[in-house]
Amino acid sequence: MQIDPRGPRFAAALTSLLLAAVLITGSGALLAVQTAVFAAGALAGLRYSPYGLLYRTLLRPRLGPPAELEDARPPRFAQGVGLVFGLIGTVGHLGGVPWLGTAATALALAAAFLNAAFGYCLGCELYPLLHRGRARLTATRNTAG
C-alpha cells in the first residue's frame, strides 16, 4: 500500500505535541492515550490511526496531490516502535517508576520530533535494516539445514 508521506509527518507533529505535554505534566493517562494511537497505527494500519483519519479528513482535501507516494510498511513499523516506547512509558508512569516513564516518553518525543520537523523517520530507517537482517537469518538457516 502506498501513502501520502505528509500524513505520517502530520501525525508526528501531533504526537510531538502530546508527548511534550506528557513530559510537562507527567501524566501516565495522557501517555496511555498516545499509546492507543500508536497501537491503532501499528496494528490496524495507518489508515485507521486517529491522526491518519484527521489528516485525510481535514488537511488532505485542502492540499495538492503529493509529489510522490511512499510504502506504508516503514511508517507502520515506526508506529510499532512508538507503541513499545509508549507501553514502557505508560507502565513506568502508572506503575510508580516515573523515571522510566519520562525516559521512554523523551525517546519517543525525540523520534517524533525528528519526523515532524525534518522528515526523518527513525523507525522507517530501522525497518529495512531489520528486514534485511531477518532475510539473512532465514537464508543462513536454509543453507545450514
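**Figure 1. The largest nonpolar core of this predicted model has 5 residues**. L19, V22, L31, A108 and L109 make up this core. Helices α1 (6–25) and α5 (98–118) each supply at least two of the core residues. Leaving aside residues up to four places away in sequence, L31 touches L19 and V22, and also G86, G89, T90, H93 and T105.

**Figure 2. Helix α4 covers residues 73–94**. The helix has 22 residues, and from its first C-alpha to its last it reaches 31 Å. That span is close to the 32 Å expected at 1.5 Å a residue. The buried residues of α4 are P74, P75, A78, Q79, G82, L83, G86, G89, T90, G92 and H93. An α-helix has 3.6 residues a turn, so residues three or four places apart point the same way. Among the buried residues of α4 are G82 and G86. The buried residues of this helix pack against β1 (2–3), α1, α2 (28–44), β2 (70–71), α5 and α6 (122–144). Two of the α4 residues named here, G86 and G89, are also touched by L31. After α4 comes G96, which has a positive phi, near 85°.

**Figure 3. D4, R6 and R60 are linked in a network of salt bridges**. Side chains of opposite charge can pair when their charged atoms come close. The side chains of R6 and D4 meet at 2.8 Å, N to O. Those of R60 and D4 meet at 3.4 Å, N to O. The R60 and D4 pair links distant parts of the chain, with R60 in the loop between α3 and β2, D4 in the loop between β1 and α1, and 56 residues separating them. D4 counts as buried because its relative accessible area is 11%, which is under 20%. R6 is partly exposed, with a relative accessibility of 27%. R60 is also partly exposed, at 25% relative accessible area.

**Figure 4. R60 has contacts in the loop between α3 and β2 and beyond**. Not counting residues up to four places away in sequence, R60 touches D4, R6, Y55, P65 and P66. From C-alpha to C-alpha, R60 and R6 are 8.8 Å apart in space, while in sequence they are 54 residues apart.

**Figure 5. D71 and R73 form a salt bridge**. Their side chains meet at 2.7 Å, N to O. D71 is partly exposed, and its relative accessible area is 22%. The count of salt bridges in the model comes to 3.

**Figure 6. Four leucines make a nonpolar surface patch**. The patch covers about 300 Å² and is made by L54, L58, L59 and L63. L54 lies in helix α3, which runs over residues 50–59. With a relative accessible area of 36%, L54 is partly exposed.

**Figure 7. G64 sits in the loop between α3 and β2**. G64 counts as partly exposed because its relative accessibility is 38%, a value between the limits of 20% and 50%. G64 and G123 are 59 residues apart in sequence. In space the two glycines are 27 Å apart, C-alpha to C-alpha.

Definitions and conventions:
Residues numbered from 1 in each chain as written. Predicted model: local features only at pLDDT ≥ 70, side-chain atom pairs only at ≥ 80, totals over all residues. Heavy atoms only, no water. Core = buried A, V, L, I, M, F, W, Y, C linked by side-chain atoms within 4.5 Å. Buried < 20%, exposed > 50% of the residue type's maximum accessible area, 1.4 Å probe, protein only. Helix = DSSP H or I, 4+ residues; strand = E, 2+ residues; numbered from the N terminus. Contact = heavy atoms within 4.5 Å. Patch = residues over 30% accessible without salt bridge, like charges linked within 9 Å, V, L, I, M, F, W, Y side chains within 5 Å. Areas by Shrake-Rupley, 256 points an atom, 1.4 Å probe, with all protein chains shown as cover. Expected span 1.5 Å × (residues − 1).
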